[in-house]
Amino acid sequence: MSSPERSLEQKSAGGRNGFPKEVEAEALAIVQHTANEYEQKNPENTAWVRGVIRRIDFREFQLMYGELAQKAGVKNINVVQPRDIYIRDTEGDDGGDADYDPMSNAMTMDGDLIAKARGPAPFEEPKFRNEIFAVSLILHQIAHEYTHATGYIGYGKIDLDDGRNIDAVRMGLSQALFRTEDPGNDYYVMFDLFNEGVTEHIAMMMSREYLRRSPLSMPNGDTLESAQFEEFLALQNDEKDDYGAAVEFFGKISAYLAKECEVPQDLVEKAFIRAYYRGEELPVVLLDETVGKEFSKMLMRAKDSEDFNDLVESYILPRASNSLIDQWKRFFGFLGRRIK
Ligand SMILES: [Zn+2]
């Protein structure tokens, strides 16, 4: 069997590239259809969520993300307009709590989940369910999906060894390969959870920054306090989902590479973020050489927190050779630059 692990050629630094108009229109029609169905069944909740979205200053969001991308040398970011944020119901196993769809350039949010978050609290966990929790959830989900949307996105065809020509999407540090004509159904994502770890890391940074810059008023008239938002983040962290494991893993590998390259961890994290925005591929060869061939293969294929934990526990990250460290430094852009 030919290896599906190959890569979509990068056409330009940053932004969203390569989607044919008819692909976009078709994908958007599906998103809108699902959202219309939800709204007809749940008009009150849809209106409530839209009310919260209206209170969010999207110019500030665009500004913040523009500044982050600029640090990576990317001038023009892709943005999602608030009208392209749609409310839907809880999807099957595959659907996330919220989603960014690169095909339609639209975001969707699970309205049922937000309705539960609003309370009143028939639910035991998490400990509190109310407007503060629901508004925090919406802000954080938008920051997470906005991160996906503003990072590098490329769509195109790649050739496989067996002669087939298939569709592929690269998003941030991940790459999805569509093995059939139907992009929604049969796909395979490389570095999915690693990419989610970086995305969630950025989302936490940006949602906090948003509250620092711009007060967010809730439908009840109160302002969402930073301390309340921190409480929400802590509760989410307690639930320790796949994303939690992914963020932890991103921290671990950054700490290791920082130690080996003798630079602050913060700089390694920023270098990964830079690659995420520019669309530079994860250096698979370097990962292989650093921690062994199976590692990057497993990292590519890690699907849930269990995979991740196995991966982190079973690999001892050894001291890297000088030449390897030089290669990492080159990828991170640390060579020939003064480290501040
Ligand atoms: Zn995500």
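Start by selecting helix H2 (residues 43-55) and helix H4 (residues 111-118) in this predicted model. Their axes lie 10 Å apart, and the two helices pack at an angle of about 85°. That angle makes H2 roughly perpendicular to H4. Show side chains for Asn45, Thr46 and Val49 on the H2 side, then for Gly111, Ile114 and Ala115 on the H4 side, since these residues make the contact. Sorted by class, the contact of H2 with H4 holds three nonpolar residues, three polar ones and no charged residues.

**Next stop: the three-stranded sheet**

Now select strand S2 (85-88), strand S3 (98-101) and strand S4 (residues 106-110). Together they form an open sheet in the order S2-S4-S3, and the pairing is mixed. S2 and S3 stand at the edges with a single partner strand each, so one side of each has no neighbour in the sheet. If you look along the sheet, the twist averages 25° from one strand to the next.

Take the pairings one at a time. S2 and S4 run parallel and are joined by four bridges. To find one of the places where they meet, pick Tyr86, whose bridge partner in S4 is Thr108. On the other side of S4, S3 pairs with S4 in the antiparallel sense, again over four bridges. Here, pick Ala98 and you will see Met109 of S4 standing opposite. The hairpin of S3 and S4 has four residues between the strands, and in that hairpin Asn105 takes a positive phi near 60°.

Stay with S4 for a moment and colour its residues by burial. How many of the five residues of S4 are buried? The count is five of the five, so S4 is largely enclosed by the rest of the structure. Ala106, Thr108 and Asp110 point one way from the strand, while Met107 and Met109 point the other way, and all are buried.

Then add helix H1 (residues 21-41), which packs on the sheet and touches S2, S3 and S4. The direction of H1 makes about 50° with that of S2.

**Along helix H9**

Move on to helix H9 (residues 265-278), a run of 14 residues. From its first C-alpha to its last, H9 reaches 20 Å, close to the 20 Å expected at 1.5 Å a residue. Which residues of H9 are buried? Select Val268, Glu269, Ala271, Phe272, Ile273, Ala275, Tyr276 and Tyr277 to see them. A general point helps when reading such a list: an α-helix has 3.6 residues a turn, so residues three or four places apart point the same way. Step just past the end of H9 and you reach Gly279, which takes a positive phi of about 85°.

**A loop residue: Ala302**

Centre the view on Ala302, found in the loop between helix H11 (293-301) and helix H12 (305-314). Is this loop residue buried or exposed? Ala302 counts as buried because it has 26 C-beta neighbours inside 10 Å. Leaving aside neighbours within four places in sequence, Ala302 is in contact with Leu193, Asp307, Phe308 and Leu311. Add Asp192 as well: it is 110 residues from Ala302 in sequence, yet the two C-alpha atoms are 7.3 Å apart in space.

**Zooming out**

Finally, show the whole protein as a cartoon. Its secondary structure comes to 13 helices and eight strands. Of its 340 residues, 37% count as buried. Among contacts between residues at least 6 apart in sequence, 67% join residues at least 24 apart.

Notes
Residues are numbered from 1 along each chain as its sequence is written. This is a predicted model: local features need pLDDT of at least 70, side-chain atom pairs count only at pLDDT 80 or more; totals for chains, interfaces and linings use all residues. Axes are lines fitted to C-alpha atoms, for helices over the stretch in contact, and angles run from 0 to 180 degrees between N-to-C directions. Angles under 35 degrees count as roughly parallel, over 145 as roughly antiparallel, 65 to 115 as roughly perpendicular and the rest as oblique. Two residues are in contact if their C-beta atoms, placed from the backbone, lie within 7 Å. Ala, Val, Leu, Ile, Met, Phe, Trp, Tyr, Cys and Pro count as nonpolar, Asp, Glu, Lys and Arg as charged, and the others, Gly among them, as polar. The expected span of a helix is 1.5 Å times one less than its number of residues. A residue is buried if 20 or more other C-beta atoms lie within 10 Å of its own, exposed if 12 or fewer, and partly exposed in between; C-beta atoms are placed from the backbone. Two strands pair if DSSP finds at least two bridges between them.
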